[in-house]
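Below is a short briefing on one protein chain, arranged by topic. Please keep the model in view while reading.

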Amino acid sequence: MQAVRQCSVCASRAATGLVRNQIDISVLRTSKSVLRRGAACIRFLSSSESRIPGNQKFGELTKSSHMSIASLTIARGLCAVPFTQQVENLSHDSLIRRAASVITDSSCTFLSQTTLAYVDALADYSKAVHSRIAFQRQYLASLGKMTPAEEDSLQQAINGWRAEASERLVECKRYESAWINAISLCKMAAEAACTSGAHQASISMRTNIQVARSQVEEAQKLSAEADKKLAETKVEEIQRMAEYAAFLEDSDGLEVHEAYLRED
C-alpha cells in the first residue's frame, strides 16, 4: 500500500506540473500519457497485492516486493519527464529571415546548375572548334598530295566538326541566357536577405556569385581563344587555297606549252 501511495503522490505531482507548465498541445498529450502510465502502474500494484497468498514463502514475497519497487521506480521515471519546452520564436522578423534564407538557398541551387551547364557548353564548343581546326590544317598541309578519297574524308570530318561547333554555340547562348537570369535572381535574393537581417545568407550568396562569375569567365576565355585560332586558320586557308590555285594555273600552262612543242 505504501507503493500505491507513492505512485499516487507521483501522479498528483505530474498533474500539478501539467497545470503550471502547460505550454502547447504536444506537452499536454505527453503529460496525459504519463498519467495513464501511472494509473496503470497503480492498478498493477493493487492487483499484485491482492494475489499474494497468506501462506506465501518469505523468498517469494521478497521477489514480489522487488517487482513492485521496480515498477514504482519506472513510474517515478515517467513522472520525472520535464514539461517545459522552449517556445519557438515565430515573430514576423524571424519568419521573414527564414523565408529570405530559403530564397537564397534556392537561388544558389539555380545558379550552380546554370553555371555548370554554361561552362560545360563552352568547353564542348571549344573542343569542337579545336577539332575542326586540326582537320582543316591537316587538309591544307596535304593539299595536292591526297587521293580523291582522302580529300573527301577530310572534307567530311571538317564539315562534321563545323556543324558540331554550330550546335554547341547555340547551346552556349541558351545556357548563357539562363545563367544571366540566375545572376540577377541571386543579386535580388542577396539584397532581400540583407534587408531582412539574414546577413550570413546574404554574404554567402554574394560569394557564390563571385565564384560563378570566375568559372564562367575562365570558360569564356578558352572559348575566345578557340575562336581566335579558328579565324587565323581561315586566313591560312584563304592564302593556301590561293597559292594552290596559282600552282594549278602554272601547271596547266606548262602542260599546254609542252604539248605545243611536241606538236611542232
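Is Thr233 buried or exposed? Thr233 counts as buried, because its relative accessibility is 0% and the cut-off for buried is under 20%. The model is predicted, and every value below is computed from it or taken from a record where stated.

**Overall make-up**
- The chain has six helices and zero strands, so the elements read α-α-α-α-α-α from the N terminus on.
- Of the 264 residues in the chain, 27% are buried.
- The chain has an accessible surface of about 17600 Å², and carbon and sulfur atoms hold 57% of that area.
- Among contacts with a separation of 6 or more, 81% are between residues 24 or more positions apart.

**Helix α4 against helix α6**
- Thr233 is part of helix α6, which covers residues 199-263.
- Beyond its neighbours within four places in sequence, Thr233 is in contact with Ile133, Gln136, Arg137 and Leu140.
- Arg137, one of these contacts, also forms a salt bridge with Glu236, at 3.9 Å from N to O.
- Arg137 belongs to helix α4 and Glu236 to helix α6, so this pair ties together parts that are 99 residues apart in sequence.
- Both ends of the bridge are partly exposed: Arg137 has 39% relative accessibility, and Glu236 has a relative accessible area of 36%.
- Ser126 sits in helix α4, residues 92-141, and is buried, with a relative accessible area of 8%.
- With residues up to four places away in sequence not counted, Ser126 touches Leu222, Ser223 and Ala226.
- The C-alpha atoms of Ser126 and Ala165 are separated by 7.9 Å, although the two residues are 39 residues apart along the chain.

**Helix α5**
- Helix α5 has 49 residues, 148-196, and at 1.5 Å a residue it should span 72 Å; its end C-alpha atoms are 71 Å apart, which agrees.
- Gly197 follows α5 and has a positive phi, near 100°.
- Within helix α5, Glu164 and Arg168 are four residues apart, about one turn of the helix.
- In an α-helix there are 3.6 residues a turn, so residues three or four places apart point the same way.
- The side chains of Glu164 and Arg168 form a salt bridge, at 2.9 Å from N to O.
- Glu164 is partly exposed at 24% relative accessibility, and Arg168 is partly exposed at 25%.

**Helix α5 to helix α6, and the network**
- A search of the whole structure gives four salt bridges.
- One of them joins the side chains of Glu191 and Arg206, at 3.4 Å from N to O.
- This pair links distant parts of the chain, with Glu191 in helix α5 and Arg206 in helix α6, 15 residues apart.
- Glu191 is partly exposed, with a relative accessible area of 44%, as is Arg206, with 38%.
- Glu164, Arg168 and Glu171 are joined into one network by salt bridges that share partners.

**Nonpolar surface**
- Phe110, Leu185 and Met188 make a nonpolar surface patch of about 280 Å².
- Phe110 lies in helix α4 and is partly exposed, with a relative accessible area of 35%.

**Database annotation**
- UniProt, in an unreviewed entry, lists residues 209-241 as "coiled-coil region".
- In the model, residues 209-241 are 100% helix and 0% strand, and the end C-alpha atoms of the span lie 47 Å apart.

Notes:
Residues are numbered from 1 along each chain as its sequence is written. This is a predicted model: local features need pLDDT of at least 70, side-chain atom pairs count only at pLDDT 80 or more; totals for chains, interfaces and linings use all residues. Side-chain values use heavy atoms; hydrogens and water are left out. Helices (H or I, at least four residues) and strands (E, at least two) are DSSP runs, numbered from the N terminus. Buried means under 20% relative accessible area, exposed over 50%, partly exposed in between (1.4 Å probe, protein chains only). Contact means heavy atoms within 4.5 Å. Accessible areas come from the Shrake-Rupley method with a 1.4 Å probe; for residues, only the protein chains shown count as cover. The expected span of a helix is 1.5 Å times one less than its number of residues. Patches are made of residues with over 30% relative accessible area and no salt bridge: like charges are joined within 9 Å, nonpolar side chains (Val, Leu, Ile, Met, Phe, Trp, Tyr) within 5 Å. UniProt positions are given in the numbering used here, feature names are shortened, and annotations may be inferred rather than shown by experiment.
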